[in-house]
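The following note sets out points on a model for a colleague's consideration. Please read each point alongside the sequence and the coordinates.

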Amino acid sequence: MTGRGTFDPKFPDLTFDEKALAAQRKQFARQGPSRRKFLASAAAVVGLPWLETFSGGNKAQAAGKAVRLVAWHTPNGYYAKTWYPATTGANYTPSSSLMPLASLQKKLLVFQGIQNNDASVVFGSHGLGVSGMLTAVKGAKEAAKVGISVDQAYAQALPPNTTRIQTGIQIGITNRMYADVGNPAIYNGCISWANATQPMQPQIQPGVVFDQIFMGANPTASAADGMRRRAIATSVLDHVLDEATTLQGRLGATDRHKLDDYLTGVRSVETQIQSTMSPTCSTMGMTKPANTGLDWPTQTKISCDLMVLALQCDATRSISFMLGNGGSSCAPSFPWLSISGDHHGLAHNQDGNALPKIDNWHVSQLAYFCQKLDAIDEGGATMLDNSLVFMSSEIMNGISHDQDNKGILLLGTAGGKIKTGQHIAFPKAPQGNLFVTMLNALGVPVTTFGTAGKAPLDGLLV
């Protein structure tokens, strides 16, 4: 960005372009409140997906107002030999680890050469890597202190009341944490930070996340209804059925089909949650995430489905997801992949047989999520087109725990603002520069981010 920078105390690790920020605020003032519609009762609010009926006759403009950011963490780094494609540019062949994303290659950026050394140290810890993954700041050892994370920088830059969950949603698979080499335990269990000292710990219970998305106007009524629904397996949609039926009669054929698919999706996720809830959740079964009673693949799928619903109904525009904590040994084996060793140990040994399979599985979960986003039309563009989905790990190499040459994927264009479809190798570019680029694409005119982010990356912004 060009122009004179200004410091904002709300964002101590960021500098904003003053002129661009003023112009953005004027634009928001002209736009006024969102036209997003709801089906609502005291106990439930079911936000609606993008519908042409409510687009005001300008599909492209209406769809483009909502852009989202999803930050996705997988633990223990990646196996470099099978991670990076052999060639750079637009015509690269996906590596074996990235093959699940082949169908989305034109909407994908594969980065090489990005480093986040200012957020950790070479031969550093998993905890410093996790807490620095989205903040690009090295955490203090004496007490939990890092910096604002990129997902929170976006959520906090949105105008008030843009979404129902303005602080974003934080989702995880396990709540098991440990004080890695003396650092605060929260570091390896939290990628999202509202500010330097306020971690946004992920919620691991799918039912709690579901209720958060569809909580009604009366929190007391919502809580009581949630308990009742779980006890007798009824649906949140029961509260808004009459309103939904009336709305269906006002919609054209395309919107009726879209609304029906969406409501069916809501009920499907709700049914998954109800059918998998366990009255007692054991933490002893090591193939299960702590305190959920669900196996790893089942909870991952439900989490992905919940994230799609949260974005589709515009409950939030910022999500962070932890598919395992830093150095996680909570899933020491991958029986569904016929792997018996624990991921942390396999990464330390750089096991060339197991790690590529684990990386491929992690990428396949990202592909499942992004393919769902890409299947949802928002007036000529898809939800994936109107999003940025960032995936990385707290380290790259499981032996050195290094921050050099990070494995980073980015999908979506933030509404046409990012050039995708490439494997790009940068000469040791700071990861903070990537976050400046992403925030600029999302309409947040920062000029710095974290410790080392000083400018957007060359050639990515449209």
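1. Helix α9 offers a check on regular geometry. At 1.5 Å a residue, its 24 residues should span 34 Å, and the C-alpha atoms at its two ends lie 35 Å apart, which agrees. The helix covers residues 253-276. The reader should bear in mind that this is a predicted model, and that the values in this note are computed from it.

2. What surrounds α9? Its buried residues are D255, K258, L259, Y262, L263, V266, V269, E270, Q272, I273 and Q274. These buried residues pack against β4 (45-47), α6 (206-214), α7 (219-232), α8 (241-250) and α10. An α-helix has 3.6 residues a turn, so residues three or four places apart point the same way. Within α9, the buried set includes D255, L259, Y262, V266 and V269, which may be viewed with that periodicity in mind.

3. Helix α6 is one of the partners of α9. Seven of the nine residues of α6 are buried, so this helix is largely enclosed by the rest of the structure. The buried residues are P206, G207, V209, F210, D211, I213 and F214. Their cover includes β4, β7 (169-172), α7, α9 and α10. The contact between α6 and α9 is thus listed from both sides: α6 is among the elements packed against by buried residues of α9, and α9 is among those covering buried residues of α6.

4. How many cavities of 30 Å³ or more does a search of the whole structure find? There are three. The largest cavity has a volume of about 60 Å³, and its lining consists of G207, F210, D211, R229, R230, E270, I273 and Q274. The elements that give two or more residues to this lining are α6, α7 and α9. By residue class, the lining of the largest cavity comprises two nonpolar, two polar and four charged residues. G207, F210 and D211 from this lining also appear among the buried residues of α6, while E270, I273 and Q274 of the lining appear among the buried residues of α9.

5. The second largest pocket holds about 280 Å³ of space. It is lined by 14 residues, of which D261, Y262, Q312, A375 and I376 are the closest to its centre. Two or more lining residues come from each of α9 and α10 (296-312). The greatest contribution is that of α9, with six residues. The lining of this pocket divides into six nonpolar, three polar and five charged residues. Y262, one of the residues closest to the pocket centre, is also counted among the buried residues of α9.

6. On cysteines, a search of the whole structure finds zero disulfides. For C304, the nearest cysteine sulfur is that of C370, 8.8 Å away, and C304 is in no disulfide. C304 counts as buried because its relative accessibility is 0%, below the 20% cut-off. C313 is likewise buried, with a relative accessible area of 2%.

7. Two residues merit inspection for their backbone angles. Most residues other than glycine have a negative phi. D314, although not a glycine, has a positive phi of about 60 degrees. This residue is found in the loop between α10 and β10 (318-322), and D314 is buried, with a relative accessible area of 3%. Q350, also a residue other than glycine, has a positive phi near 50 degrees. Its position is in the loop between α11 (343-349) and α12 (354-374).

8. Q152 lies in helix α5 (residues 150-157). At 2% relative accessibility, Q152 counts as buried. Leaving aside residues up to four places away in sequence, Q152 touches T167, Q170, S192, W193, A194 and M200.

9. Is A381 buried, partly exposed or exposed? A381 counts as partly exposed because its relative accessibility is 22%. The residue lies in the loop between α12 and β11 (387-393). Beyond residues up to four places away in sequence, A381 touches I376 and N386. The C-alpha atoms of A381 and G415 are separated by 8.0 Å, and the two residues are 34 residues apart along the chain. Of the two contacts of A381, I376 is also among the residues closest to the centre of the second largest pocket.

How values were computed:
Residues are numbered from 1 along each chain as its sequence is written. This is a predicted model: local features need pLDDT of at least 70, side-chain atom pairs count only at pLDDT 80 or more; totals for chains, interfaces and linings use all residues. Side-chain values use heavy atoms; hydrogens and water are left out. On a 1 Å grid over the protein atoms alone, a cavity is a set of points where a 1.4 Å probe fits but cannot get out, and a pocket is an open set with protein on both sides within 12 Å along at least five of seven lines; lining residues have an atom within 4 Å of a point. Grid points are joined across faces, edges and corners, and a volume is the space filled by probe spheres set on the points. Helices (H or I, at least four residues) and strands (E, at least two) are DSSP runs, numbered from the N terminus. Ala, Val, Leu, Ile, Met, Phe, Trp, Tyr, Cys and Pro count as nonpolar, Asp, Glu, Lys and Arg as charged, and the others, Gly among them, as polar. A disulfide is a pair of cysteine sulfur atoms within 2.5 Å. Buried means under 20% relative accessible area, exposed over 50%, partly exposed in between (1.4 Å probe, protein chains only). The expected span of a helix is 1.5 Å times one less than its number of residues. Contact means heavy atoms within 4.5 Å.
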